[in-house]
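Subject: Structure handover and notes

Hi,

Here is the structure I promised to pass on to you. My notes follow right after it, and I hope they are useful when you open the file.

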Amino acid sequence: MSRILYLAVTLSTCVFAVSAAAENTVKIDGTSHMAEFSRAVIESAERANFLLHCENQESGAGAGLKHFVMKYTDINKMTRELKERERKQCENSDFHFLEILLAHSRDEAETFRLLVNRESLTKESVRIFLGHCLSDSVQALADQHAKRLDAAELREARNRFREAIFSTVANVK
């Protein structure tokens, strides 16, 4: 009897560990532009929080957006603004997202941005990842791989994130 109990406890522990790992996974897809910066941000987020795991794909902005709108991913990376048809696709699907700027390319021709599924903001792992993305340490990474946001842009990005968190928490309650 004790052997069966041991197996049951072991199995339930494994199931809990797998579900906890899934909850801590942030699924990201999108552009490969500014990939060096993007990968550095993801690696630094995982180093900063050992429980955090990011699945990073680089299917391209358009293909990543399709995965994003179908809710296969939490975050879509882009270095361009959404096209009007893409914005309409999101509206027609009743899909709501938050757009956060992180850095500019060195020549300032592109702006690296994250589109975040508003529903994904209920996941603690996504909030932790985004908080890291808006940290001073990521702006220091931008100095190495791209060009950092100016003070007003960074303040705006942080405020948008803060407001989105407050509204998400209020809606969950």
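Glu156 has a relative accessibility of 43%, so this residue counts as partly exposed (that class lies between buried, under 20% relative accessible area, and exposed, over 50%, with a 1.4 Å probe and protein chains only). Its salt-bridge partner is Arg160, and the closest N and O atoms of the two are 3.2 Å apart; by salt bridge I mean a side-chain nitrogen of Lys or Arg within 4 Å of a carboxyl oxygen of Asp or Glu. Arg160 is partly exposed as well, because its relative accessibility is 36%. Glu156 and Arg160 both sit in helix H7, four residues apart, which is about one turn of the helix. Elsewhere, salt bridges with shared partners connect Arg39, Glu58 and Lys77 into one network.

Before you go further, please note that this is a predicted model, in which local features need pLDDT of at least 70, side-chain atom pairs count only at pLDDT 80 or more, and totals for chains, interfaces and linings use all residues. Residues are numbered from 1 along each chain as its sequence is written, and side-chain values use heavy atoms, with hydrogens and water left out.

As for the overall layout, the protein has seven helices and six strands, taken as DSSP runs numbered from the N terminus (helices are H or I with at least four residues, strands are E with at least two). Along the sequence they come in the pattern α-β-α-β-α-β-α-β-β-α-α-β-α. Of the 173 residues, 41% are buried. Among contacts (heavy atoms within 4.5 Å) between residues at least 6 apart in sequence, 69% join residues at least 24 apart.

Back to the charged pairs. In general, side chains of opposite charge can pair when their charged atoms come close. A search of the whole structure gives eleven salt bridges, and two more of them deserve a look:

- Lys123 and Asp74 meet at 3.2 Å, N to O. Lys123 is in the loop between strand E5 (111–117) and helix H5 (124–133), while Asp74 is in the loop between helix H3 (61–69) and strand E3 (75–78), so to speak distant parts of the chain, 49 residues apart. Both Lys123 and Asp74 are buried.
- Asp136 and Arg158 meet at 2.8 Å, N to O. This pair links helix H6 with helix H7 (residues 151–172) across 22 residues of chain. Asp136 counts as exposed, because its relative accessibility is 55%, whereas Arg158 is partly exposed, with a relative accessible area of 26%.

Next, a helix pair. Helix H2 (residues 35–48) packs with helix H6 (residues 136–145) at an angle of about 150°, their axes being 10 Å apart. (Axes are lines fitted to C-alpha atoms over the stretch in contact, and angles run from 0 to 180 degrees between N-to-C directions.) H2 is therefore roughly antiparallel to H6, a label for angles over 145 degrees (under 35 is roughly parallel, 65 to 115 roughly perpendicular and the rest oblique). H2 contributes Glu36, Phe37, Ala40, Val41 and Ser44 to the contact, and H6 contributes Val138, Leu141, Ala142 and His145.

Finally, Asn49 lies in the loop between H2 and strand E2 (53–56). Asn49 is partly exposed, at 21% relative accessible area. The C-alpha atoms of Asn49 and Phe129 are 8.9 Å apart, with their positions 80 residues apart along the chain.

Best wishes
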